[in-house]
Amino acid sequence: MPVADSPSPYPLEQLYSEHHGWLFSWLRRKLRCSHSAADLAQDTFVRILASRDALLGMREPRAYLSTTARRLLIDRVRRQQIEEAYLSELALAAEALEGHQSPESILITLEALEQIAFLLEGLHVNAREAFVGYYLDDLTQPQIAKRLQISPRMVRKYLAQALIHCHRTLDIAEP
């Protein structure tokens with residue numbers, strides 16, 4: 001086709017000024033939301049602007065605009081369906097994990113346990129076991145005594161030793 005016979009491009013400014021109002025109204029009726037209609041109308045013109053050949057030989061601008069807008073609308077609905085399915089699966093996963101600690105709380109717990117382990121270094125084994133049993137495992141002094149095969153009075157003595165040791169270790173660690 002000779003250059004002289006090729007159709008002249010439809011000026012984008014003219015296309016926008018003549019058909020934006022119609023496209024917006026058409027989309028608002030379809031979507032029942034003026035904000036979504038405005039977004040989709042804008043997306044339609046952006047899509048046409050991005051296509052180099054879209055304006056060449058355009059004979060029916062409203063048909064072209066409505067087809068482009070319909071395709072964008074279908075893309076949007078598909079994307080919303082995917083997002084909803086993802087959010088639904090995410091909610092199910094969160095529900096399944098209910099009662100479990102988050103990674104952040106696990107990290108905080110591990111750091112606290114490391115600090116406690118540092119504080120208890122150098123302490124007699126029974127004193128360390130009594131401390132852990134009483135303060136971390138929520139055991140009673142008689143339960144600890146039974147576990148360690150010592151008297152409840154000795155458990156109290158070990159707990160006191162552990163607390164004094166921790167206090168001294170903290171005093172040394174802090175300048």
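This presentation describes the fold of one protein chain and then turns to a few of its residues.

Good morning, colleagues. Please keep in mind throughout that we are looking at a predicted model.

I begin with the overall architecture. The chain contains 7 helices and 0 strands, and its pattern along the sequence therefore reads α-α-α-α-α-α-α, where helices are counted from the N terminus. Two domains are assigned: domain 1 covers 10–94, and domain 2 covers 101–171. How far apart do the C-alpha centres of these two domains lie? The separation is 65 Å.

The overall dimensions come next. The C-alpha trace spans about 105 × 35 × 30 Å along its principal axes. For a compact globule of 175 residues one would expect a radius of gyration near 16 Å, whereas this chain has 36 Å. Buried residues account for 24% of the 175 residues. The accessible surface amounts to about 12900 Å², and carbon and sulfur atoms contribute 56% of that area. Among contacts with a separation of 6 or more, 58% join residues that are 24 or more positions apart. As for charge, there are 20 positive and 22 negative side chains, and the centres of the two sets are 5 Å apart.

Let us now turn to individual residues, starting in domain 1. Ser66 sits in helix 3, which comprises residues 61–96. Is Ser66 buried or exposed? Ser66 is buried, because its relative accessible area is 9% and the cut-off for burial is under 20%. Leaving aside residues up to four places away in sequence, Ser66 touches Trp22 and Trp26.

In domain 2, I would first draw your attention to Ile144, a residue of helix 6. With a relative accessible area of 2%, Ile144 is buried. Which residues does Ile144 touch, if those up to four places away in sequence are not counted? They are Ala130, Gly133, Tyr134, Leu139 and Val155. For one of these, Gly133, the C-alpha atom is separated from that of Ile144 by 6.5 Å, although the two residues are 11 residues apart along the chain.

Arg128 belongs to helix 5. Its relative accessibility is 28%, so Arg128 counts as partly exposed, a class that lies between under 20% and over 50%. Beyond residues up to four places away, Arg128 touches Leu120, Gly122 and Leu123. From C-alpha to C-alpha, Arg128 and Tyr158 are 7.8 Å apart in space, while 30 residues separate them in sequence.

Finally, I come to two loop residues and their backbone angles. Most residues other than glycine have a negative phi. Asp138, however, has a positive phi near 55 degrees. Asp138 is placed in the loop between helix 5, residues 125–136, and helix 6, residues 141–148. At 66% relative accessibility, Asp138 counts as exposed.

Where does the other such residue, Gln149, lie? Gln149 is located in the loop between helix 6 and helix 7, the latter being residues 152–173. The phi of Gln149 is likewise positive, with a value near 60 degrees. Gln149 is exposed, because its relative accessibility of 73% meets the requirement of over 50%.

To summarise, this predicted model shows a chain of 7 helices divided into two domains. Ile144 in helix 6 is buried, whereas Asp138 and Gln149 are exposed. Thank you for your attention.

Technical notes. Residues numbered from 1 in each chain as written. Predicted model: local features only at pLDDT ≥ 70, side-chain atom pairs only at ≥ 80, totals over all residues. Heavy atoms only, no water. Domains from an automatic or database assignment. Helix = DSSP H or I, 4+ residues; strand = E, 2+ residues; numbered from the N terminus. Rg over C-alpha atoms; globule rule 2.2 N^0.38 Å. Buried < 20%, exposed > 50% of the residue type's maximum accessible area, 1.4 Å probe, protein only. Contact = heavy atoms within 4.5 Å. Areas by Shrake-Rupley, 256 points an atom, 1.4 Å probe, with all protein chains shown as cover. Lys, Arg positive; Asp, Glu negative; His and termini not counted. Charge placed at Lys NZ, Arg CZ, Asp CG, Glu CD.
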